[in-house]
Amino acid sequence: MPTAERVRDAALVVVDMQNDFVRKGAPLEVPDARATVPVIAGLIGRFRDKGRPVIFTRFVSGAEPGLMWLWSPECRPDTKCCWPGHMRRYPDAEGAFDCADVIEELRPQDEDIVIDKRGYGAFHGTDLSARLRYMSVTSLVITGTVTQICVEETAREAFHHGFRTTIVSDAVSSFAPGLHAATLENFAMKFGWVAGAEDVSSWL
């Protein structure tokens with residue numbers, strides 16, 4: 001398939017680049033996520049320049065118990081990880097920040113879409129698919145964190161919803177290098193494409 005077809009009528013998805021994942025000392029800190037910020041910012045600029053949609057996802061939790069408390073105990077009330085409205089201080093920034101918000105360096109603009117999700121994938125229990133169809137989007141470019149959890153789940157869901165999907169290898173991050181590499185290799189085998197940001201930008 002010609003590379004331009006991989007990103008025809010594309011939208012950019014920025015998965016969970018939130019304070020409680022990216023900032024130093026965050027409850028679910030992914031240190032490698034900070035290195036991807038300039039790459040993601042560059043892709044955001046590229047998509048905005050072309051008038052293409054930019055979509056941010058936020059992993060949100062709260063006071064209602066569920067399986068997430070089992071697998072991510074940081075979401076429990078003693079830590080309140082990713083509870084919208086809960087203010088937290090981080091050692092790499094001045095002041096307090098809403099812990100569930102997208103980091104300031106990638107702040108969504110008014111025309112961007114923000115999807116709140118209570119699980120790993122951005123399609124499950126949300127109206128993302130319908131909104132993409134309404135905008136005549138046929139392909140997705142996926143960035144963000146965590147590669148083998150929310151990024152992978154969102155990218156696989158995109159495949160099952162019929163969107164041609166590319167994961168940007170230098171714009172996703174993980175706390176587990178082995179799982180990061182395995183996820184990208186597996187996705188490229190059966191679900192979509194994996195490419196660096198420079199190549200993806202050249203396809204647009």
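Q: In this predicted model, which residue of β8 is the bridge partner of V168?
A: Look at where β7 and strand β8 (residues 193-195) pair: they do so in the parallel sense, over three bridges. To get from β7 to β8, the chain passes through helix α7 (residues 177-190), and that β-α-β crossover is right-handed. Within β8, the partner of V168 is A195.

Q: Which residue in β7 does L140 stand opposite?
A: Strand β6 (residues 139-145) runs parallel to β7, with six bridges joining them. Together with helix α6 (residues 147-160), these strands make a right-handed β-α-β unit. Opposite L140, in β7, you'll find T165.

Q: How many of the ten residues of β7 are buried?
A: β7 pairs with β8 and is also joined to β6. Buried here means under 20% relative accessible area. By that cut-off β7 is mostly covered, and the buried count is seven.

Q: Which element gives the most residues to the largest nonpolar core?
A: That core has 34 residues, and L12, M17, F21, I44 and L106 have the most contacts inside it. Elements giving two or more residues include β1 (10-15), α3 (33-49) and β7 (164-173). With six residues, the top contributor is α3.

Q: How many residues make up the second, separate core?
A: Start with F21 of the largest core: leaving aside neighbours within four places in sequence, its contacts include L28, V30, F59 and V146. The second core is separate, and V15, I113, V172 and F187 are among its members. Its residue count is 23.

Notes. Residues are numbered from 1 along each chain as its sequence is written. This is a predicted model: local features need pLDDT of at least 70, side-chain atom pairs count only at pLDDT 80 or more; totals for chains, interfaces and linings use all residues. Side-chain values use heavy atoms; hydrogens and water are left out. A nonpolar core is a set of buried Ala, Val, Leu, Ile, Met, Phe, Trp, Tyr and Cys residues joined through side-chain atoms within 4.5 Å. Buried means under 20% relative accessible area, exposed over 50%, partly exposed in between (1.4 Å probe, protein chains only). Helices (H or I, at least four residues) and strands (E, at least two) are DSSP runs, numbered from the N terminus. Contact means heavy atoms within 4.5 Å. Two strands pair if DSSP finds at least two bridges between them. A crossover is right-handed if, with the strands pointing away from the viewer, the path from the first strand over the helix to the second runs clockwise.
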